[in-house]
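Biologist: Could you take a close look at one helix in this model for me, and then walk me out from there to whatever else catches your eye? Keep it relaxed, but keep the numbers in.

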Amino acid sequence: MASIAPLRRAARAALAEALPPGWSLLPAERLPEVGSLRLHSAVPLADHGSSGTFLAILALDTRELAALVSHGVAMLAALRRRVTRRGSVLALLVEDQDGLLAELDELLALEHPCSLALACSPDSEAGWLANLGLGGEPLSAVLHDLWCGRLRYQGPDLGCRVAGVEALRRCCWSCKADLQAVTGLVFPDRPVRDWTSPAWAYYGQLLAPRRLDEPARSALVQAVDSWRAQGAAQLTPLRRRYSKTADLAYLGAVCPRCGALQGDFPLTEDRMQHLHHLQARKTGDLSYRPLEVDVTERLIGHLACGGEINSHCRFLGWRRVDAPEERPRVFAARFDRL
């Protein structure tokens, strides 16, 4: 990866155009590397005087991206951890002619609070374009907005965060008992004092119990059991049960009276009836309890792999701070293994 590929040259030129005159780059000998993978550029962010953080650039052509997908994912993950652990931002620029970015996203969730992956392509008039959202724009403009903080990640950060445990009011399909069926976790866009309030929204989508990783899954199961022991008798415990409809076993809500699995598909159908307005929180058809969970890169990847379009949720990912809300940017449709 020692040759200077066109995208790498373009990234250097775009970075020079994006920065104020005299803004210095990090010396080459100080650029982090893991194995054969090394950053190509790094520059102090606009607020470096107080934070000491950097905008780091890794630019890969199609051949390098293919090699990364084949055997370099662990290196990229390690380099990303090293670059972003203190709040620096990593911009992964790739020449994606064969859809390899989607394959890489399958192997290593690219949506991340401190890194942004951009498919780039040459343009006869504007130089190189970066695909941000629904279309391409000059690479220098994207790097400038990353550098000055105008382009920011919006979503839950890594580490311990307060999520909302959602419950849907319904009747058991088998014994007709009144239930508060636990549907999963949502991640609010602000600190929430009143979970019945319509003022808050959640990022991206609801995460069903089966889509959570450890330890979030265990924390949710234990919390529900604890709430039930304290008197929330209608709250459904979460257990692994076999579903004839799905022809597999997965973790889901079960009726506390008869033990019947309240399947993900019927819960989703019932839930959708309440998503076109926010009054469901006031009526109790949708209710929430706070739970602190460990937000991991993998969990954010699951959260970012889709999105709901309704008044309850908001955009998850990288967007400009003054931009209107838009549909989440998704690299590829992921199929979760249950």
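Modeller: Here is a walk that starts at one helix and then moves out to the cores, the cysteines and a few backbone details. Keep in mind that this is a predicted model.

Let's start with helix α3, which covers residues 62-71. Its buried residues are Thr62, Glu64, Leu65, Leu68 and Val69. Looking down the axis of α3, you find these buried residues within an arc of 160°, so they line one face of the helix. The general background is simple: an α-helix has 3.6 residues a turn, so residues three or four places apart point the same way. On the other side of α3, you get Arg63, Ser70 and His71, which are exposed.

What sits over the buried residues? The cover of α3 includes the helices α1 (6-18), α4 (73-84) and α5 (100-107), along with the strands β2 (37-38), β4 (54-60) and β5 (89-95). At the N-terminal end of α3, Asp61 acts as the cap, with a side-chain oxygen 3.2 Å from the backbone nitrogen of Arg63.

Two of those covering elements deserve a stop. Strand β2 holds Leu37, which is buried at 0% relative accessibility. Leu37 and Glu64 are 27 residues apart in sequence, yet their C-alpha atoms are 9.8 Å apart in space. Helix α1 holds Arg8, and this arginine is buried too, with a relative accessible area of 4%. The side chain of Arg8 makes a polar contact with the side chain of His40, at 3.3 Å.

Now for the cores. The largest nonpolar core has 71 residues, and those with the most contacts inside it are Leu55, Leu93, Leu143, Leu146, Leu185 and Phe187. Apart from that one lies another core of 26 residues, which includes Val69, Val73, Leu76 and Leu100. Val69 is also one of the buried residues of α3, which ties our helix to this second core. Back in the largest core, take Leu185: leaving aside neighbours within four places in sequence, Leu185 is in contact with Ala163, Gly164, Val165, Gln205, Leu206, Leu207, Leu212, Leu220, Leu291 and Val293.

Cysteines next. The structure holds zero disulfides. For Cys171, the nearest cysteine sulfur is that of Cys172, 8.6 Å away. For Cys258, the nearest cysteine sulfur is also that of Cys172, at 3.7 Å, and the cut-off for a disulfide is 2.5 Å. Both count as partly exposed: Cys171 has 42% relative accessibility, and Cys258 has a relative accessible area of 37%.

Finally, some backbone details. Strands β13 (residues 238-243) and β14 (residues 248-253) run antiparallel and are joined by six bridges, with Ser243 opposite Leu248 in β14. The two strands form a hairpin with four residues between them, and Asp247 in the turn has a positive phi of about 60°. Lys176 has a positive phi as well, about 65°, although it is not a glycine. Lys176 belongs to the loop between β10 (159-171) and β11 (178-186), and it is exposed, with a relative accessible area of 56%. One more for your checklist: the peptide bond that joins Glu214 and Pro215 is cis, with omega about 5°. Pro215 is in the loop between β12 (202-203) and α7 (216-229).

Conventions: Residues are numbered from 1 along each chain as its sequence is written. This is a predicted model: local features need pLDDT of at least 70, side-chain atom pairs count only at pLDDT 80 or more; totals for chains, interfaces and linings use all residues. Side-chain values use heavy atoms; hydrogens and water are left out. Buried means under 20% relative accessible area, exposed over 50%, partly exposed in between (1.4 Å probe, protein chains only). The arc is that of the directions from the helix axis to the C-beta atoms. Contact means heavy atoms within 4.5 Å. A polar contact is a pair of N or O atoms within 3.5 Å; within protein, one must be able to donate a hydrogen and the other to accept it, and residues adjacent in sequence count only if both atoms are side-chain atoms. A nonpolar core is a set of buried Ala, Val, Leu, Ile, Met, Phe, Trp, Tyr and Cys residues joined through side-chain atoms within 4.5 Å. Two strands pair if DSSP finds at least two bridges between them.
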